[in-house]
Amino acid sequence: MSDRLQELSAFVRAAETGSFSRVARELRVSQPSVSRMIASLEARLGVKVLLRTTRRVTPTDAGSVLLERARQILGDLDEAENAARGVDSLHGTLRVAMSGAFGTREVIPHLPAFMAQHPQLQIDLQISDRREDLVAEGVLRLGSLEDSGFGARLLGKAPRLVVAAPAYLARKGTPKTAAELSKHDCILGPGHSGRSGWRFTRSGRTTSVAVEGRVQVATADGVIACAKAGLGVAVASRWMCRAELAVGELVAILADDRLDPVELHTVYPGGRRPSLKVRTFCDYLAAKLRADESERVSRAARR
């Protein structure tokens, strides 16, 4: 039975990640061992469950049916074991995927306390700024969600701010209204963000401001670095620039012109609720984010 469960585990992760080598690293076995597990599974079932190409592994029609059931079986087994132990004794490996900037700034600093609460739990952090690389039990995703077969839970929101370095503002002047941004160097990014303009709401009216800049950046950390260097005005969530605002490397401007907040969701395979490990981690992270925001508001009120 243990061999069959291991085969199912290898199959599920191969179908989710599209890579035998990645599964081998996760399971700490050789890649040929993963291939043998899948071959044994297919021989027992009498059908092909995975299609292998030189670039990617994908489930067959039969594999897609098996994937849904196998996730349920493995999830139920994990849930039963952790329920028996209790939430204070989570075991196994929690795989969480996230973007680099948010992970390093807002998640990793909170991990020591979480791991101290669950000493038998291992965490596999998968950090990438490419969404297609984020495949895990729980994916922390910023921004709007596309329609998909995945489940999702809103963990928190953060305001998006217009920020710039003091040196840039001293050199170019501080815009008093959103419309004045058209006369400033604006940093576009991350990715395609900002290309169609920045949308502001003021006194109940929404306007879109066309912005231009000589610098376009792919990542959120890159946007913040460019703003700190004085290359222009940027838009960033408070999560992304909290540290820089605290020490004065960046300042927030245009307080009366508000941007839509950025949302943080956890996204997980559809068809069932997330595992106890994922739920416990998300509860913890959501509480920490709320506490951080409450502390910020309290500090601002005391000034």
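Start by selecting Val162 and Ile253: in this predicted model, Ile253 in E11 is the bridge partner of Val162. Now extend the selection to both strands. E7 and E11 are joined by 3 bridges and run antiparallel.

Next, swing over to the E10 side. Strand E7 (residues 160-164) pairs with E10 over 4 bridges, again in the antiparallel sense. Two spots to click on here: Arg160 stands opposite Ser237 in E10, and Leu161 has Ala236, also in E10, as its bridge partner.

Zoom out to take in the sheet. What is the order of its 3 strands? They run E10-E7-E11, making an open sheet with antiparallel pairing. Strand E10 (234-237) and strand E11 (251-253) stand at the edges with a single partner strand each, so one side of each has no neighbour in the sheet. Turn the view and you can follow the twist, which averages 55° from one strand to the next.

Add helix H9 (residues 238-247) to the selection. H9 packs on the sheet and touches E7, E10 and E11; the direction of H9 makes about 105° with that of E10.

Now back to E7, with the rest of the protein shown. Is this strand enclosed or open? Of its 5 residues, 4 are buried, so E7 is largely enclosed by the rest of the structure.

Last stop: colour by pLDDT. The protein has a mean of 84, with 87% of its residues at 70 or more. Select helix H7 (residues 166-172) for the highest mean pLDDT among the elements, 96, then strand E5 (residues 138-142) for the lowest, 71. Where pLDDT is low, don't read the predicted coordinates in detail.

Methods
Residues are numbered from 1 along each chain as its sequence is written. This is a predicted model: local features need pLDDT of at least 70, side-chain atom pairs count only at pLDDT 80 or more; totals for chains, interfaces and linings use all residues. Side-chain values use heavy atoms; hydrogens and water are left out. pLDDT is the predictor's confidence in each residue, from 0 to 100. Two strands pair if DSSP finds at least two bridges between them. Axes are lines fitted to C-alpha atoms, for helices over the stretch in contact, and angles run from 0 to 180 degrees between N-to-C directions. Contact means heavy atoms within 4.5 Å. Buried means under 20% relative accessible area, exposed over 50%, partly exposed in between (1.4 Å probe, protein chains only).
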